[in-house]
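Reader: Before I set up any calculation on this protein, I would like a close look at a single part of it, namely its aromatic rings. Please take me through how they pair and where they sit, with enough of the surroundings to place them.

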Amino acid sequence: MTAKNLVCLWYDGDAAAAAAFYAATFPDTRVTGTHRAPGDYPDGKRGDVLTVEFTVMGIPCIGINGGPQFRHSEAFSFQVVTDSQEETDRYWHAIVGNGGQESQCGWCKDRWGISWQITPRALTEAMADLDAATRKRAFAAMMTMKKIDIAAIEAARKG
């Protein structure tokens with residue numbers, strides 16, 4: 001990996017599966033390297049996949065199979081900006097339908113515990129509207145949603 005700064009994600013033995021799922025799901029995402037442990041370590045044996053280099057939508061990452069000691073939290077997430085309901089639905093269903101979990105306001109978790117914000121551009125535009133009443137209506141609509149419904153956000157924006 002040539003990047004000087006990259007995201008390191010901790011997995012419990014599933015880094016290769018996670019990277020392969022991301023590569024199959026998101027554009028500009030690929031696995032660029034797999035490295036095996038040269039010796040035994042606390043949560044694995046010599047020859048096990050130790051790290052996986054990959055990019056997620058152009059963001060360089062490394063997945064480390066470090067074991068069960070550390071879990072992911074919402075304190076870190078990937079935010080994916082979408083341009084249509086179809087794109088929003090596709091990413092949402094790919095993550096949730098592959099063992100993931102729904103949350104509120106466009107957030108979901110993949111089966112490895114990584115949080116994702118599937119955020120339609122229409123929502124961010126509504127939240128940046130110059131009119132405070134418009135922002136408030138869009139925010140109130142969003143607060144009732146799990147996956148973001150663009151038509152409902154646009155209707156709230158119009159009042």
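Author: A contact here means that heavy atoms lie within 4.5 Å. Among the contacts in this protein between residues at least 6 apart in sequence, 57% join residues at least 24 apart. Please keep in mind throughout that the model is predicted.

To place the rings, it helps to begin with the frame that carries them. The protein has five helices and eight strands, and from the N terminus on these elements follow one another as β-α-β-β-β-β-α-β-β-β-α-α-α. The C-alpha trace spans about 65 × 30 × 25 Å along its principal axes, and of the 159 residues in the protein 38% are buried. The exposed surface comes to about 8,700 Å², with carbon and sulfur atoms supplying 53% of it.

Turning to the rings themselves, a search of the whole structure finds 10 aromatic pairs. One of them joins Phe-21 and Trp-112, whose ring centres are 5.7 Å apart and whose planes stand at 50 degrees, so that the pair counts as tilted, the class for angles that are neither under 30 nor over 60 degrees. Phe-21 belongs to helix H1 (residues 15-25), while Trp-112 lies in the loop between strand E7 (107-109) and strand E8 (115-120), and the pair therefore ties together parts that are 91 residues apart in sequence. Phe-21 has a relative accessibility of 13% and so counts as buried, and Trp-112, with a value of 11%, counts as buried because the cut-off is under 20%.

A second tilted pair is made by Phe-26 and Tyr-91, at 5.0 Å centre to centre and with 40 degrees between the planes. This pair, too, links distant parts of the chain, since Phe-26 is in the loop between H1 and strand E2 (30-36), whereas Tyr-91 is in helix H2 (residues 85-96), 65 residues away. Both Phe-26 and Tyr-91 are buried. The ring of Tyr-91 also has a charged neighbour, for the charged end of Arg-90 sits over it, 4.9 Å from the ring centre.

These two pairs belong to a wider arrangement, in which ring pairs link Phe-21, Tyr-22, Phe-26, Phe-54, Phe-76, Phe-78, Tyr-91, Trp-112 and Trp-116 into a cluster. As for charge in the protein as a whole, there are 17 positive and 19 negative side chains, and the centres of the two sets lie 2 Å apart.

Technical notes:
Residues numbered from 1 in each chain as written. Predicted model: local features only at pLDDT ≥ 70, side-chain atom pairs only at ≥ 80, totals over all residues. Heavy atoms only, no water. Helix = DSSP H or I, 4+ residues; strand = E, 2+ residues; numbered from the N terminus. Buried < 20%, exposed > 50% of the residue type's maximum accessible area, 1.4 Å probe, protein only. Areas by Shrake-Rupley, 256 points an atom, 1.4 Å probe, with all protein chains shown as cover. Lys, Arg positive; Asp, Glu negative; His and termini not counted. Charge placed at Lys NZ, Arg CZ, Asp CG, Glu CD. Phe/Tyr/Trp six-rings, centres within 6.5 Å; stacked < 30°, edge-to-face > 60°. Lys NZ or Arg CZ within 6 Å of the ring centre and 35° of its normal.
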